[in-house]
Amino acid sequence: MSCLTSLAIALWLAAVPAAKAADPVALSGSDAVAQLIRQGRSQYLAGDPEVAEQTFREVIARDPASREAKEFLSRIDQDQARERASDREQTRARLMADVARSWQRPVPTSSRANDPARPAVVSPLAGKLNDIVLPEVSFTRVPITQVVVALSAASEEFDRTGLMPRGVNIVLLDPENRAPTVTLTLRHAPLRRVLDFATEAIGYQYEVQADAVVVRPGGETSSLETAFFPVTRATVLRMAGISDHPAGAVGATGKHPVTRAVPAEDESASGPVARSREASAMKSFLQQAGVGFESVPGASLAYDGTAIVVTQTARNLERIRNILTRYNDVRQVEIEAKFMEVQDGALEELGVNWSLTTKASQASAGARAVYASGNRTLAGAFANRASSQPGSIIRPEGIIVAPDGGTTVSPGLNLPLLNNAPQIPGVADLAVSAGPLATLTGVIGEYDVSAVVRALSQKQGTDLLSAPKVTVLSGNPATITVAQEMRYPQSYGQTQSQVGTGSANGGGSAGVAITAGTPQEFTSRNVGVELRVTPTVEEDNYSISLDLNPKVTEFDGFVEFGGPSIAISGGTTVTVPSGFYQPIFSVRDIVTKVTIWDGATLVMGGLTREEVKKVHDKVPILGDLPLLGRLFRSTGQSAQKRNLIIFVTAKLVNPGGAPRQRRELPVLAAP
C-alpha cells in the first residue's frame, strides 16, 4: 500500500508543476526555489536521483540556506554510498566464488566439438569458374583463339549460378599471334580445370581478374604493378619465423620478465634494421611459396612496420593476396595453468632427559661429576647442521699470585660461537622453537637431579591454489611462475678476529674482536613451480600442439664451505666458523610435447613427496626396564606429505579475447 501511495504522490507532484506552475526560469525569488524543490522531490521519488541531485544543487545555488534541498542532497549521497557498497560486496562475492570454483578439478574433454569449416572468401568470378561444369569438351588441334571463344560461349550456356551477367568473359592477349593449337577431351569438368589443362598444354597461363579471365603466353611478361598489403604483427612473426621476445612472463609474485642483452640497433622491434631483416625474411618466405622475385625484373618488397609494399606482376600480387588472406588470421591461444598443491604435516614427540650432578665436597677437592642422558629431540637430530665445527672461545683456569704471596683462581672460559645457516620458510617443521613441557629439579642424597620433560603434538596443513592466465601468439613461448624468489650471496668477504690479553702475566680477561665475512654478489633463484609452454595452432584450426616444460624447484638446505679460523693469544683460543653457506636445491624437470583440442585440459601429476623423520633414543639398560623404562626413552616422528597437480587448459581466442568458436562442454558424471 505504501508503494502505491508513494507512486501516486510522485505522479501528482510531477503533474502539478506541468499543469499549474510556470517555467522556473521565468519565476523569481522564493517562487522559483519552491518550484525547483517540488520538481527535485518528484524526480527523486520517481527513481531518478541523478537528475534530482542536479535540481537540488540548482536550488542551493539560488538559496544556499535551503534546509530541504540540503536534506535531499544528503539522502541522495547516502543512497549512492549504499549502492556503491552493494556493488563492491557483489563484486567481492563473485571473485570469492571464482576462487572456490577454481578448486574444482577440470574434466578432460571426451569428444571433439562440432567444428564447422569456415567458407573461404572467393570472388564471384572465381566462384563461377568452380561452379560452371561443362558436360563435354573436345578439341582436336584447335587454335587457342577458337578455344577461348568456345569456352566463353559454353560458360554462358551452362551457367547455373544465377549471377548476372551470365557466363564468364575470357580474353586472349597474344601480341605475337602465336595461335598454338589445343588437343583436349574432358567430361563433366569445371571450367577452371578446363582452363588449367588447355593453358598448360600450350605453355600459356591465365589470370582471374575482377570482370574477366585473361589468357596470355607464359613467362610473366605482363607489366609490373605496386600494391600495399596491411599486415599485423602476428602475421609478420608467422611469416618471418621469429619471436618478438624470448618469452612472455606471468608470476604469482609479480616478477619482471627476463631481460636479455641485445645490440643497440635491435633494441626496438620497429627499428630500421629490424624492419629490413623482417622484410628479407618475408620475401624469402614468399619466394618459397611460389612468388618469384629474382626471376621477375624490377620486383621488390618493402616493409614499413605496418604494411608491405610489393611491386610485382598482377598474377603474383594475387598469389600474395591469397597467402596474406590465410596468414592474416590471427592465431593466439589463452593458456590457463592451474596449480593445486596440498600439504599436510604432523609431529609427535615425547621424551625425558635426566641430569645428575654430585655436590662439591672437601674430599673431592671441589670437583663435581655430571651425569646426563643424551636423548635427542627431532630438532636436535634433523635440524640444519651445515656448520659441523661450531666456533668457541676457550681459556683454561689460571692462578694469579698477588704481591703478598696470596693466590686467586681465575675461572676458565668456554663460550660457543654459533653461526647457523638461516632458516627458510616452507621446510619441514621440527618444533625448533617449542620449549619443554616441564623442568623438574630436586636433591636425592648427594646428587642434584633435574629432569626435562618434552611432550608435543602438532598438526599443520597448507592448501595452495594459483590459476594464472596468459594469452600468447601461436608459436611463441610463455612462462608462468608461481614461486618464492630466494636471494643468496655467491661469495663472502674475509673473516677477521683479534685476541688480546688482560694483563702482562696472562691473567685477567681477554678482549676478543670478531668480524664476520660480508656477503657479496647476491643472486636469486625461484623456489616453486615454473611452467614454460609454447602453443602452436595446427592447420585444422582446432588442434593445439603444446611444448611443455614444467619445473619444480625445492630448497633442501645449506652446505658450508671453508674451514674454521683459529686465533691464539696467551692462554685464550678463539675458533671462528667459516659461515660461508650456499643453498642446495632439488629440481624436478619435465619436457614433453602433446596435442590437444581447443578448450581441452592437460593434467600433469605425480609430483608428490612424502618425508618422514623419526628418532628413538634411550639410556642403555634403564631404557629397557618395564614401565620405568619409558622415563629414560625419547621418541619422536615428523611426517610431511605434499601433492602437486598441474592443469593446463588451452583455448583459441580472437583479438577481442573471446573464444574463437563455441564448444560443447563435457558433462560431469556423478561419482
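In the predicted model, helix α5, spanning residues 124-131, contributes Leu125, Ala126, Gly127, Lys128 and Leu129 as its buried residues. The cover over these positions includes two strands that follow one another in numbering, β4 (204-208) and β5 (213-217), together with strand β3 (181-190) and helix α7 (191-202). Lys128, a residue with a charged side chain, is thus listed among the buried positions of α5.

Helix α5 is one of 11 helices in the chain, which also holds 29 strands. Of the 671 residues, 34% are classed as buried. Contacts between residues at least 6 apart in sequence join partners at least 24 apart in 71% of cases. The accessible surface of the chain amounts to about 39200 Å², and carbon and sulfur atoms account for 54% of this area.

Charged side chains were examined next. The whole structure contains 13 salt bridges, among them three pairs placed within single helices. Side chains of opposite charge can pair when their charged atoms come close. In helix α3 (residues 49-62), Glu58 and Arg62 are separated by 4 residues, about one turn of the helix, and their side chains form a salt bridge with an N to O distance of 3.6 Å. Both partners are partly exposed, Glu58 at 36% relative accessibility and Arg62 at 39%.

Helix α4 (residues 67-102) holds a second pair, Arg67 and Glu71, again 4 residues apart. The salt bridge between these side chains has an N to O distance of 2.7 Å. Here the two partners fall into separate accessibility classes: Arg67, at 59% relative accessibility, counts as exposed because the value is over 50%, whereas Glu71, at 40%, is partly exposed.

A third pair lies in helix α10 (residues 314-327), where Glu318 and Arg321 are 3 residues apart, about one turn of the helix. The closest N and O atoms of this salt bridge are 3.0 Å apart. Arg321 has a relative accessible area of 37% and Glu318 one of 32%, and each is therefore partly exposed. An α-helix has 3.6 residues a turn, so residues three or four places apart point the same way.

Helix α4 also contributes to a surface patch of like charge. Asp48, Glu50, Glu83 and Asp87 form a negative patch, and Asp87 is located in α4. Asp87 has a relative accessible area of 41% and is partly exposed; because patch members must have over 30% relative accessible area and no salt bridge, Asp87 meets the accessibility condition.

How values were computed. Residues are numbered from 1 along each chain as its sequence is written. This is a predicted model: local features need pLDDT of at least 70, side-chain atom pairs count only at pLDDT 80 or more; totals for chains, interfaces and linings use all residues. Side-chain values use heavy atoms; hydrogens and water are left out. Buried means under 20% relative accessible area, exposed over 50%, partly exposed in between (1.4 Å probe, protein chains only). Contact means heavy atoms within 4.5 Å. Accessible areas come from the Shrake-Rupley method with a 1.4 Å probe; for residues, only the protein chains shown count as cover. Patches are made of residues with over 30% relative accessible area and no salt bridge: like charges are joined within 9 Å, nonpolar side chains (Val, Leu, Ile, Met, Phe, Trp, Tyr) within 5 Å. A salt bridge is a side-chain nitrogen of Lys or Arg within 4 Å of a carboxyl oxygen of Asp or Glu. The place of a charge is taken as NZ of Lys, CZ of Arg, CG of Asp or CD of Glu.
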